[in-house]
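This report goes through a set of computed features, from single residues up to chain contacts.

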Amino acid sequence: MDTIVRIRHRLADASELVVLISFLLVFLFFSIRAENFLSLVSLTNILTIASIKGIFVVGVAMLMISGEFDLSVGSILAVATFVFALSLEAGTAPLAALVLALAVSAVLGGINGLIVIRTGIPSFIATLGTMLAFRGIARAIGGADFARFTGEMPALFTGLNGEFTFINRLAVPAGSARMAIIWFLLFAVLAAVVMRNTRFGSWVYATGGSRAAAIAQGVKTKNVIAVNYIVTGLLAGFAGIVQFASRPAVDPLRGEGWELTAVAACVIGGIWLSGGYGTIVGAAVGMLLLQMVEQGLILLGVDVQLFQATIGLILILAVISNTYLSRQ
Amino acid sequence: MHWAKNLVDSLSHRFGRSPVAGPLATFVVVLLLCLLFVPNFGSWRTISGIVTAVSISGFVTIGITFLMVAGEFDLSIGAMIAMSGYLFGAVAVGADSQITRGLGAAGLPVAEGSGNLALALILALTVPALMGLVNGLILVWTRIPSFIVTLGTRQIYRGLVWLTSGGVLLQTLGKPPIFNVFNGRFELLNNLPLFEGANFRTATVWLLAAAFLGQYLLVHTRIGNHVFAVGGNVGAATAQGIRTSRTKVLCFVFSGLMAGAAGVISFSQFRSVRVAEQAGVELTAIAASVVGGALLNGGYGSVWGALVGILMISLLRSAVILLDIPFIPADNFPAVIGATIIASVILNNYLRSRASG
Amino acid sequence: MQQRLYLITTLLLVTVLALAACAPGGDSGQQEMAQSEEGEGAAAAEAGDADGGLSFIAVQHAECAWDSFWCTVQNGINSAADDLGVDVTILAPDEFDLDKTASLIEQAVAANPDGIMLTVTDPILFKEPIMKAIDAGIPVIAYNAGSGPIADNIPYYTYLGQDEYQGGYLGGLRLAAGGGTQGVCINQQVGHTGLDKRCAGFSDALAESGIPTEVLAIGDDPAEATTIIGDYYTANPDTDVFLTLGPNGANPFYVFVENEGLTADDITHGTFDLSEEIKANIVSGMTMFGIDQQPFLQGYGGVSTLSMIARYGILPALPVSATGPGFVDAASLASEPDPDAPVSVIAVQHAECAWDSFWCVVQNGINTASEMMGVDVTILAPDEFDLDKTASLIEQAVAANPDGIMLTVTDPILFKEPIMKAIDAGIPVIAYNAGSGPIADNIPYYTYLGQDEYQGGYLGGLRLAAGGGTQGVCINQQVGHTGLDKRCAGFVDALGESGIPAEVLAIGDDPAEAATIIGDYFTANPDTDIFLTLGPNGANPFYVFVENEGLMADDFTHGTFDLSQEINANIESGLTMFGIDQQPFLQGFGGIQALNLLVRHGIVPALPVTPTGPGFVDQGNLSVVQELAGEYR
């Protein structure tokens, strides 16, 4: 009995442990059961597709640790992609279009932050409102139609989401490794370091853990929250632009429902809904796990409708085990 | 300006105790503005259209209000409506469907071509209620926040609907007269000279009945008091001897029941149901409850307020279409809902603070 | 006290409700939609039943016993009979004898089969016996020899053979893809209509790339022909793109190449038809391709087309159904046909049966074909309309390394990258339902099976506007779906030609909301009297709106895309003028069949676009369709 309790105590210190173990188990399962799972194309598919969403999952994770939600990430992503696409279409230089789109994302993130810290509306409701409102902006500027880029791909696109041909050509069918993986890795590592080793990181944990205590200790919790919203907005916008650089068309529905995928990834990764607990690495692995399940089930020939159910099941199981471990 | 401040003060003091007062006042103001300034708005056609459009989401909103007062919510409601629609539709008319065949094979009195209305209603109401029960049980057993539990079951239940339906949408041509009772044209009312051009439907009467029942349970019974207590402060409620877990589970069951009713009402009119039926309705219902004055953290809210909220959304939709604003076509209406949510929360908070202060 | 008040109110409400139920006149606008019994006899004659055994007779002017070309045709017939579970008897004279062949047709009619396929070797000689079959109500199609029902002046359904112009055109596109300065079409029989069409297609294709072309007439004598080609080359030394029209043109061409010491780097060459010499040159790289009329497909397609007509009432969309050109290149020569190879196919589509009844018919086509042909199929679709997700599903399907992928090209730019991944991996790709063909979409998949969406909207608009009108509206349930947008554009243009203004109204997926949106739009625009809906998911709320408003068939005209039981009932009652049918069953069935032929028999789809529609269903032909609606139509 004692050993079990001791193991539990030790495990409880590493919030991402459950997701890491599940990741390995699921990986093992598909490696044995699903034909072609260990192929280059399947593995790079998982990495690349997960990375696009992974980029903003990093932001959502920081927000959730500070005790707040952002349901509007999918809509910000759509607005930013439309701004990027439409300015390119209007002849703006690619770099200027990128800066403009990122600026817009930051402003939209900032609006979220302002509403939450100024009015005291719960962030779930506030960003439910902005999710719908920002989607309206995306529809309005895009004329409820696609925006497409049909010209010669600018060099910037290669930097944003170019293919790693030297890796992809290693096998047939060719892999699909793209720059998105690097961006995801970069942001995840950067955020992980900030959260672990900087003062700002400990402020974020304090803000989410016990806000009153944090304020008493002199943490400017409102600033922390505002910064997190802006970062999340920026990352959501960037994710959309990265995706546009490989598939240069964007439709008005882009990103709908991704906010819930992001929350699911974070929660599977061990972040508490109430804030104050969890890590960026956990959330990142959570996102990879979700994408791996999808690819694996396709290879097993399972009907698509049941993927969503499987992901729902994983979500609940992961949270139960996370809670069990941390409730020492 | 001084008189205006006084007026707000006296109004908010008089009605402020009731959660429905603020939203209702706002609704009346917006309604008057629309009547004055929106072309074609002031006709029974439009008014009845606004009322009819909430006949399905209204039920969901009543259920969600219970949950929000208890400090919880349920994201899996859309799937419950789909489940109810399939069960009701297939069994009521004995449609050519996997459901009919399966139930028939299991020895239940239904077969292709010979429907069973009583069985259809029982299944359509109890199965969603059971789905709500499962949500509630997971919640109280694991103590995971309802957002996460129902985010998970939202996906799982859609999978269940998919399996139950065989992945095929259901459309029936037969229309038993009972469909008109649940959701047919309300000719008794429409034919009155007073309601020239109106298109009221019987669904509205059922919705009102459900609202009366809901409000009665919430305000005038002990269970209702418990719901408020649990949502307000779980610790205090437990200290008072309230069985908080049981209360919360009951709220989930009630909300499932309302989703079941919504499925029956919907199928009775459209005679078709899809696996993805009513995806996203839960967010509209939460929005309506919030517009209608409920607090996300619980302990506050009312059924009437929530209905006012969902009517407000419907009213704005019609107004926007009638105004024909170029950058807000019908498919961009959700943006208006978004702005409304934020504006009304700010307004409701203000009115509430004036009332208590 | 207050408790009792609530109870009483609730009770009162329930009583009122019961009264309302008994009130007369509720839903007078709606029909009791019993299945129509009338016209079933006609439907049965035309449409047969989906499960019964079928027997067909094929009458042809030659046969395998004495002409090896026909062995391939008969092989196709027998494979199809096997795959589709039908019985086919082949009748042919024991030597070339047209009169005997005509008599065989008459004898076939006497056997009263479920369908006859035949060669229209001479339309005048064969007209009388063929008319005998058609008058007897036996479906007739032509294969290998013929010019189509219009040119032959015999009302059979369709002719399956090579489209000569398209052969020259598509060959020209392939040759011009590598660039070039000057092209020549070497014609051994100038004045032969078929060969002239091949040259015309070639010239048009090269002109699109800005390459000038000429036609060079050579005779039948190989030595003379070699000299003529050599002299022409001396006079036009820039010539670097060559097309020959058969073995008789290719043979002197190869001699000329040898004489001049030319290599594959200097010139590009393509040819019609195949011979051992041509095959050897394709393998060596000297010749880029041989254009094959695919006799196997003429036999296979004939049986398949007859089964479609007899079993499902699905008619061929065009008077001429191309079996060629099929391009044979180094890669396809290397692959041996393997009729028993296991085939696994993944179908990726942007919608599915669970939420759109149109797709139930497509999926039924997919499943029926895969069962008949022994093909393993997985259908992947997002659980709600989500193009980005659909694109990712294509990428994920590639990882499963299937033998073929069929998919909807809902947006060519968004889907290009994932589709290219499949093509680069050597997986054959075919588009169905949504797309514009490989050339217009700029993605080199094999073919697109579907209808021309703009034409569908345009022709529908013309019909609706014919009766006059004040204002039109296109009710679109999925704005942003390229295909649906095109339908609306066609509709708006057609109404514009009659001077009727028209707009697009976006409705969502929620039927209650959609009905209200249409109602509010009508309030704001009460002059609207022409409505087009784009499928069952748009028509369903439209009918609710009509019921709400108490509108009658005289107040407006309504047309819709696609069919469903509800739509059919409303066509019957006269509320809806027509349903535009793109034959979704054929899109699904045809997709699997095309991949099956490609993987097992090396048969390449002939044209970039394989039309399955549009076909109009109105009160005139509804009875034929009624029986099959929702499953096959």
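A residue is called buried if 20 or more other C-beta atoms lie within 10 Å of its own, exposed if 12 or fewer, and partly exposed in between. The model treated here is a predicted one.

**Residues of chain C**

C:N442 has 12 C-beta neighbours inside 10 Å and therefore counts as exposed. Its place is the loop between α17 and β17 (448-450) of chain C. The phi of C:N442 is positive, about 60 degrees, although the residue is not a glycine. Most residues other than glycine have a negative phi.

C:N433 also has a positive phi, near 65 degrees, and is likewise a residue other than glycine. C:N433 sits in the loop between β16 (429-432) and α17 (438-441) of chain C. Is C:N433 buried or exposed? With 27 other C-beta atoms within 10 Å, C:N433 is buried.

C:P149 belongs to helix α6 (residues 149-152) of chain C. Because 21 C-beta neighbours lie inside 10 Å, C:P149 is classed as buried. Apart from neighbours within four places in sequence, C:P149 makes contact with C:I154, C:P155, C:Y156 and C:P319. C:P149 and C:L318 are 169 residues apart along the chain, and their C-alpha atoms are 9.9 Å apart.

**Helix α23 and the annotated domain of chain C**

Helix α23(C) covers residues 584-601, and its 18 residues should span 26 Å at 1.5 Å a residue; the end C-alpha atoms are 25 Å apart, which agrees. Since 18 of the 18 residues of α23(C) are buried, the helix is largely enclosed by the rest of the structure. After α23(C) comes C:G602, with a positive phi near 70 degrees.

An unreviewed UniProt entry places the feature "domain: Periplasmic binding protein" at residues 67-310 and 357-599 of chain C. Residues 67-310 of chain C are 53% helix and 18% strand, with end C-alpha atoms 30 Å apart.

**Helices of chain B**

For chain B, an unreviewed UniProt entry carries the annotation "transmembrane region" at residues 20-38, 50-69, 116-141, 198-219, 249-267, 279-296, 303-327 and 333-351. Two of these spans are set out below.

| Span of chain B | Helix | Strand | Distance between end C-alpha atoms |
|---|---|---|---|
| residues 198-219 | 82% | 0% | 33 Å |
| residues 333-351 | 95% | 0% | 27 Å |

How does the length of α11(B) agree with the expected span? The 19 residues of α11(B) should span 27 Å at 1.5 Å a residue, and the end C-alpha atoms are 27 Å apart, which agrees. Among the buried residues of α11(B) are B:T202, B:W206, B:F212, B:Q215 and B:L218.

Helix α4 (residues 57-69) and helix α15 (residues 281-291) of chain B have axes that come within 8 Å and cross at roughly 65 degrees. This crossing of α4(B) and α15(B) is right-handed. On the α4(B) side the contact is made by B:S57, B:V60, B:T61, B:I64, B:T65 and B:M68, and on the α15(B) side by B:V281, B:T284, B:A285, B:I286, B:A288 and B:S289. Seven residues of the contact between α4(B) and α15(B) are nonpolar and five are polar, with no charged residues.

**Contacts between chains**

The contact of chain B with chain C involves 50 residues from chain B and 49 residues from chain C. On the chain B side, at least two residues each come from α3 (44-53), α8 (146-165), α9 (177-183), α10 (187-190), α11 (202-220), α14 (244-270) and α16 (303-323). Which helix gives the largest share of the side of chain B that touches chain C? That helix is α11(B), with nine residues. By class, the side of chain B that touches chain C consists of 24 nonpolar, 18 polar and eight charged residues.

Towards chain A, 38 residues of chain B are in contact with 35 residues of chain A. Here α7 (117-142), α8, α15 and α17 (334-356) of chain B each supply at least two residues. The largest share of the side of chain B that touches chain A is from α8(B), which gives twelve residues. The side of chain B that touches chain A has 25 nonpolar, nine polar and four charged residues.

Definitions and conventions:
Residues numbered from 1 in each chain as written. Chains lettered and ligands numbered in written order. Predicted model: local features only at pLDDT ≥ 70, side-chain atom pairs only at ≥ 80, totals over all residues. Contact = placed C-beta atoms within 7 Å. Helix = DSSP H or I, 4+ residues; strand = E, 2+ residues; numbered from the N terminus. Nonpolar A, V, L, I, M, F, W, Y, C, P; charged D, E, K, R; others polar. Axes fitted to C-alpha atoms, helices over the stretch in contact; angles between N-to-C directions. Left-handed = near helix turned anticlockwise from the far one by under 90°. Expected span 1.5 Å × (residues − 1). UniProt positions renumbered as here; feature names shortened; annotations may be inferred.
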